[in-house]
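User: Please explain the terms applied to this structure and show how each one is justified.

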Amino acid sequence: MQEHQESGLECVDPVVGERILDLSAPALDSAERTLLEAHADVCAACRLTLDLHQELRSRARSESGTTGGRRPGSRPGATGWAAVAALAAGLALAAILPPRPVGPRIDGRGDDTPQVLRPVEGEVVSAGDVAVRWTPVPGADRYRVRATDPEGATTWTGTTVATDIRLPAEASSHETRILVTAEPQDIIPPGVMSVSYRTGGAWDVLRHRLLHSGALPQALGLGGVLLGLAAILRRRD
Amino acid sequence: MMHEQHHVSADCRQYIGGDDAAAERICVALEPAVRAGVTGLLGAGDPDGDDVVQEVLLALLAYLRRTGIVPDNPAAFSVRIARNRCYNLGIWRRRRRAQDVDDHAEALPSLAASPLELMERDQKRRLVDDALADLDPPCRELLVAVYRHESSMEKLRRRLGLGSVQAVYHRRNICLEKARKFLNRRLFGCRSDRAYP
């Protein structure tokens, strides 16, 4: 082959060739499409332009397919997935971890002070058997548990050598206070281990968990909402 | 010369109108110019020279019937097709020589194949990367925004301060044309640039 005299491919009809990328427009007049397609079939220069266009477009598709990048109107992007993950983690932790106490606590403060662990103060639990758990009191032979209604009338009593006990359904009214005392009675002051809780349906329990979950689940939930908003705004651009 | 072109254009119109005999007159009239263009690039004794000339003339006839449009200058139109064909043939031959396999002995590449189609995937990717890197920053950013980030044309219109999205498409087309010219230079330009294929 002899040396090339010019700089390579040249459009065979520049007046038509300058419109060649219109072929990628879906709403193209059929006569114009026929002309451009026929032009592309004989013009290697324009074929190169189209191929370049296709190459760049297919790269974007393969990148978004492998990295989860954003594609308008398709799957959520990385931000969207992060939002879903944060919300899911927040909900899971809210369901697993105990909620924050609500209202004043009567029991003692500090790590060494005996206290009721569950239910926490003001917690809404499902109607039925209620599990009560507390911290062990050094020197206690056994524990006495008393449930009272809002008027202070005793609805149930029980004793155990363990640090938990299950209250039957009839022990709980819509609002119940639990008092745990240790024996011998002089080990802890009376009323130190006390908590009140309410019973409700599944929706009441869920709402309470969401409203009074700990700092970590709430931070994850808030982060998820913010990320979700950011993902929505990006998709609208 | 002008007179001859007039005749060829008239024959082209007759061929479009259904006169098959006009095809012979068109080929007779254009064959010398096409052959000269092919010989100028491939050399007089090239074994594929005759095939290229025939392909080009047949392609012109097909184009006329398909579009119903006569090019302003049928001779120049045909010679450009022929020259492009020869350039692509050069790339195809170099690739065959580099691979030295019989798998490619079957047929010549299609008449208007893009040079990128004739390359290995990695070569193609490198070449396009180089073309993007060679662009001026505004063009590069625009193509990245359009293709990689898939930004909407309306968003780009606002960002660029343009009056219509058609203006964005126009600017994108100009940038693609710059990239195409780079590829042209790289593939067919001076010898020192011939890193590909």
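Analyst: The following exchange sets values against definitions.

Analyst: This is a predicted model, in which local features need pLDDT of at least 70, side-chain atom pairs count only at pLDDT 80 or more, and totals for chains, interfaces and linings use all residues. Residues are numbered from 1 along each chain as its sequence is written, chains are lettered from A and ligands numbered from 1 in the order in which they are written, and side-chain values use heavy atoms, with hydrogens and water left out.

User: Why is H6(B) called roughly perpendicular to H8(B)?

Analyst: Two packed helices are described by the angle between their axes and the distance between the axes. Helix H6 (residues 137-148) and helix H8 (residues 165-188) of chain B pack at about 115°, with their axes 10 Å apart. Axes are lines fitted to C-alpha atoms, for helices over the stretch in contact, and angles run from 0 to 180 degrees between N-to-C directions. Angles under 35 degrees count as roughly parallel, over 145 as roughly antiparallel, 65 to 115 as roughly perpendicular and the rest as oblique. H6(B) is therefore roughly perpendicular to H8(B).

User: Which residues of H6(B) and H8(B) meet, and what classes does the contact hold?

Analyst: Contact means heavy atoms within 4.5 Å. From H6(B), B:Cys139, B:Leu142, B:Leu143, B:Val146 and B:Tyr147 take part, and they meet B:Val168, B:Arg171, B:Arg172, B:Cys175, B:Leu176 and B:Lys178 of H8(B). By class this contact has 8 nonpolar, no polar and 3 charged residues. Ala, Val, Leu, Ile, Met, Phe, Trp, Tyr, Cys and Pro count as nonpolar, Asp, Glu, Lys and Arg as charged, and the others, Gly among them, as polar.

User: How many helices and strands does chain B have, and what percentage of its residues count as buried?

Analyst: Chain B comes to 8 helices and 0 strands. Helices (H or I, at least four residues) and strands (E, at least two) are DSSP runs, numbered from the N terminus. Of the 197 residues of chain B, 47% count as buried, that is, under 20% relative accessible area (exposed is over 50%, partly exposed in between; 1.4 Å probe, protein chains only).

User: What makes E4(A) and E7(A) a pair?

Analyst: Two strands pair if DSSP finds at least two bridges between them. Strand E4 (residues 142-148) and strand E7 (residues 175-183) of chain A have 7 bridges and are antiparallel; A:Arg144 has A:Thr181 as its bridge partner in E7(A). E7(A) also pairs with strand E8 (residues 193-200) of chain A, antiparallel over 6 bridges, and there A:Arg177 stands opposite A:Ser196.

User: Why are E2 and E5 of chain A said to stand at the edges?

Analyst: The open sheet of 5 strands in chain A has the order E2-E8-E7-E4-E5, with mixed pairing. Strand E2 (124-126) and strand E5 (154-160) each have a single partner strand, so one side of each is left without a neighbour in the sheet. Helix H5 (residues 202-211) of chain A packs on this sheet, touching E2 and E8, and its direction makes about 145° with that of E2(A).

User: Which strands are at the edges of the sheet of 3 strands in chain A?

Analyst: That open sheet has the order E1-E3-E6 with antiparallel pairing. Strand E1 (116-118) and strand E6 (164-167) are the edge strands, each pairing on one side only. E1(A) is joined to strand E3 (residues 130-134) by 2 bridges, and the partner of A:Arg118 in E3(A) is A:Arg133.
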